[in-house]
Amino acid sequence: MIYAKQTILGQPPSKSNSYKIIMNKGHSSLGKTEATKKYEMDFFMQCTLRKKGICKRFKLTVDVFFASDRPDLDNAMKVLLDCLQTCGAIKNDRLCAEIHARKLIDKKNPRIEFWLEELL
């Protein structure tokens, strides 16, 4: 099954800069940055596949439109897969068996456009 194209507006945050050290009752741990939390919420609101619960191996085809050439494409893949799992579109990101990704530039409208296809 091929699922309809999804467009998520906004540029995904860098995975390496998505966490910060926080103190909790005298112990340090990692917590998500406000930018990461905002992107995850925006993703949830825009993704029509949320709570779909895809539990078969799948192929991800994605075009990432960055505002500049600076961000890494691989970081966007990690964020996208994490967001798909968090919003319930997929059961687990380890089910991703194939990725076709392109890095593109759109200074005025950064976004991610992607398609999921269940594999046999």
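Me: Is Cys-96 buried or exposed, and what is its relative accessible area?
Reply: This model is predicted. Buried means under 20% relative accessible area. Cys-96 falls under that cut-off, so it counts as buried, with a relative accessible area of 17%.

Me: How many disulfides does the structure hold?
Reply: A disulfide needs two cysteine sulfur atoms within 2.5 Å. The sulfur of Cys-87 is too far for a bond, because the closest cysteine sulfur, in Cys-47, is 4.2 Å away. For Cys-96, the nearest cysteine sulfur is that of Cys-83, at 14 Å. The number of disulfides in the structure is zero.

Me: What is the relative accessible area of Cys-87?
Reply: Cys-87 is in the buried class. That class lies under 20%. The value for Cys-87 is 4%.

Me: How many aromatic pairs does a search of the whole structure find?
Reply: Tyr-39 and Phe-43 form one aromatic pair, which is tilted, with 6.4 Å centre to centre and 50° between the planes. Phe-43 also forms an aromatic pair with Phe-114. The search of the whole structure finds two.

Me: Where do Tyr-39 and Phe-43 both lie?
Reply: Tyr-39 is buried, at 5% relative accessibility. Phe-43 is buried too, at 0%. The two are four residues apart, about one turn of the helix, and both lie in helix H1.

Me: Is the pair of Phe-43 and Phe-114 stacked or edge-to-face?
Reply: The ring centres of Phe-43 and Phe-114 are 6.3 Å apart, with 5° between the planes. Planes under 30 degrees apart count as stacked. The pair is therefore stacked.

Me: How many residues apart in sequence are the parts that the pair of Phe-43 and Phe-114 ties together?
Reply: Phe-114 is buried, with a relative accessible area of 0%. Phe-114 lies in strand E6, residues 111–118, while Phe-43 lies in helix H1. So the pair ties together parts whose separation in sequence is 71 residues.

Me: Which residues form one aromatic cluster?
Reply: Phe-43 pairs with Tyr-39. Phe-43 also pairs with Phe-114. The cluster is formed by Tyr-39, Phe-43 and Phe-114.

Me: Which ring has the charged end of Arg-111 over it?
Reply: Arg-50 lies over the face of Phe-44, at 5.2 Å from the ring centre. The charged end of Arg-111 is 3.7 Å from the centre of its ring. That ring belongs to Phe-65.

Me: Which residue has a positive phi of about 65° although it is not a glycine?
Reply: This residue lies in the loop between helix H1 (34–46) and strand E4 (58–66). At 67% relative accessibility, it counts as exposed. The residue is Lys-51.

Technical notes
Residues numbered from 1 in each chain as written. Predicted model: local features only at pLDDT ≥ 70, side-chain atom pairs only at ≥ 80, totals over all residues. Heavy atoms only, no water. Buried < 20%, exposed > 50% of the residue type's maximum accessible area, 1.4 Å probe, protein only. Phe/Tyr/Trp six-rings, centres within 6.5 Å; stacked < 30°, edge-to-face > 60°. Lys NZ or Arg CZ within 6 Å of the ring centre and 35° of its normal.
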